[in-house]
Amino acid sequence: MTEPVTFDAIWEEKYASGHAQRYPWDVVVSFVFRHAPRDRPRQEVAILEVGCGTASNLWFAAREGFSVAGIDGSASAIDYAKKRFAEDRLEGDLRVGDFTKLDFPDNSFDCIIDRGALTCCGHSALKRALAEVRRVLKPGGHFFFNPYADSHSSARAGKPAGDGLIKDIDAGSLVGAGQIHFVGHQQLIELMATGWSLHQIQRLELTDMVAPEGSIHAEWRVIAQKTS
Ligand SMILES: C[S@@+](CC[C@H](N)C(=O)[O-])C[C@H]1O[C@@H](n2cnc3c(N)ncnc32)[C@H](O)[C@@H]1O
């Protein structure tokens, strides 16, 4: 069986039709302030986001003076991000590409952010992407990894599409999100077993009490440090 695509075209459709995230996620703001090195000027601290979308997280980091880079499969998202950076006179290395192949040298970044992006590809592609993240992260650098968890209601509301992916989700908070790989606890431990020191593994679960009653949103919030 052929491996499913690593980049779901639904993302390009969304961004081309005007979807844009403009402000950073609070969990990313906390990660950056907690884990960016403080022993150097911020312009010497390099931060990469894989699957950066319209780069709202990197926009925040660039405004704070960090040196930022981002990669996303959607040309429309990167176009939006580049225009926004230019309007605000911010610098950033923003590229269209696939996060399973990172075109950056080994040991380049102090921090790497995955905010809900690596979970968009199948298990084999996720393993390749994690190997790339580890390769381009400096020894001792920190990684925020944020896949959806298999206790999410949407994990049982779609069709299996091979390599651990679910697509055509028709219930829960991920309706319309395209293909998603929901990760279990044991799988998460295995994915991060080699070359990482795990500082945080949180499973965040939010249960809707009104509508749709009982629907669960579930995601992993992992902070890992690259061992040398
Ligand atoms: C849920 S959005 C998150 C965007 C951004 N991280 C944020 O926090 O606003 C997932 C992003 O991953 C990108 N993406 C999905 N698969 C990708 C791939 N194989 N390579 C690069 N980007 C990808 C999508 O285009 C989309 O922008």
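Let me start with Q202, which is exposed, because only 12 or fewer neighbours are allowed for that label and Q202 has 12 other C-beta atoms within 10 Å. Keep in mind that this is a predicted model. Q202 sits in strand 9, residues 196-207. If you go twelve residues along the sequence from Q202 you reach G214, and the two C-alpha atoms are 21 Å apart.

Between strand 9 and strand 10 there is a loop, and P212 lies in it. Is P212 buried or exposed? It counts as exposed, with 10 C-beta neighbours inside 10 Å. P212 and S173 are 39 residues apart along the chain, and their C-alpha atoms are separated by 9.4 Å.

Now the strands on either side of that loop. Strand 9 and strand 10 are paired antiparallel, over eleven bridges. One position to look at is I201, whose bridge partner in strand 10 is V222. V222 also stands opposite F145. Strand 10 runs antiparallel to strand 5 as well, and four bridges join those two.

There is also an open sheet of three strands, in the order 6-7-8, with antiparallel pairing. Strand 6, residues 159-160, and strand 8 are at the edges with a single partner strand each, so each has one side without a neighbour in the sheet. Strand 7, residues 165-167, pairs with strand 8 over two bridges. I166 has I180 in strand 8 as its bridge partner.

I180 comes up again in the core. The largest nonpolar core has 63 residues, and I180 is among those with the most contacts inside it, along with I47, V50, I112 and A129. Which helix gives this core its largest share? That is helix 5, with six residues. As a general remark, nonpolar side chains in soluble globular proteins tend to be buried together.

So, helix 5, residues 123-136. Its 14 residues should span 20 Å at 1.5 Å a residue, and the end C-alpha atoms are 20 Å apart, so the two agree. The buried residues here are A125, L126, A129, L130, V133, R134 and V136. Note that R134 is on that list. The cover over these buried residues includes strand 1 (46-50), strand 4 (109-113), strand 5 (137-145), strand 8 (180-181), helix 6 (185-191) and strand 10 (216-226). Taking A129 by itself, and leaving out residues up to four places away in sequence, its contacts are V50, F99, T100, L118 and C121.

Helix 3 is next. The buried residues of helix 3 are N57, L58, W59, A61 and A62. They pack against helix 2 (26-35), strand 1, strand 2, helix 4 (75-87) and strand 4. After helix 3 comes G65, with a positive phi near 100 degrees.

Helix 3 also takes us to the ligand. Helix 3, residues 56-63, and strand 2, residues 67-72, each supply at least two residues of the shell around it. How many residues surround the ligand? There are 23, and the closest are W11, G51, G53, R115 and A117. By class, the shell has ten nonpolar, ten polar and three charged residues.

Terms used:
Residues are numbered from 1 along each chain as its sequence is written. This is a predicted model: local features need pLDDT of at least 70, side-chain atom pairs count only at pLDDT 80 or more; totals for chains, interfaces and linings use all residues. A residue is near a molecule or strand if its C-beta atom, placed from the backbone, lies within 6 Å of it. Ala, Val, Leu, Ile, Met, Phe, Trp, Tyr, Cys and Pro count as nonpolar, Asp, Glu, Lys and Arg as charged, and the others, Gly among them, as polar. A residue is buried if 20 or more other C-beta atoms lie within 10 Å of its own, exposed if 12 or fewer, and partly exposed in between; C-beta atoms are placed from the backbone. The expected span of a helix is 1.5 Å times one less than its number of residues. Two residues are in contact if their C-beta atoms, placed from the backbone, lie within 7 Å. Two strands pair if DSSP finds at least two bridges between them. A nonpolar core is a set of buried Ala, Val, Leu, Ile, Met, Phe, Trp, Tyr and Cys residues joined through C-beta atoms within 7 Å.
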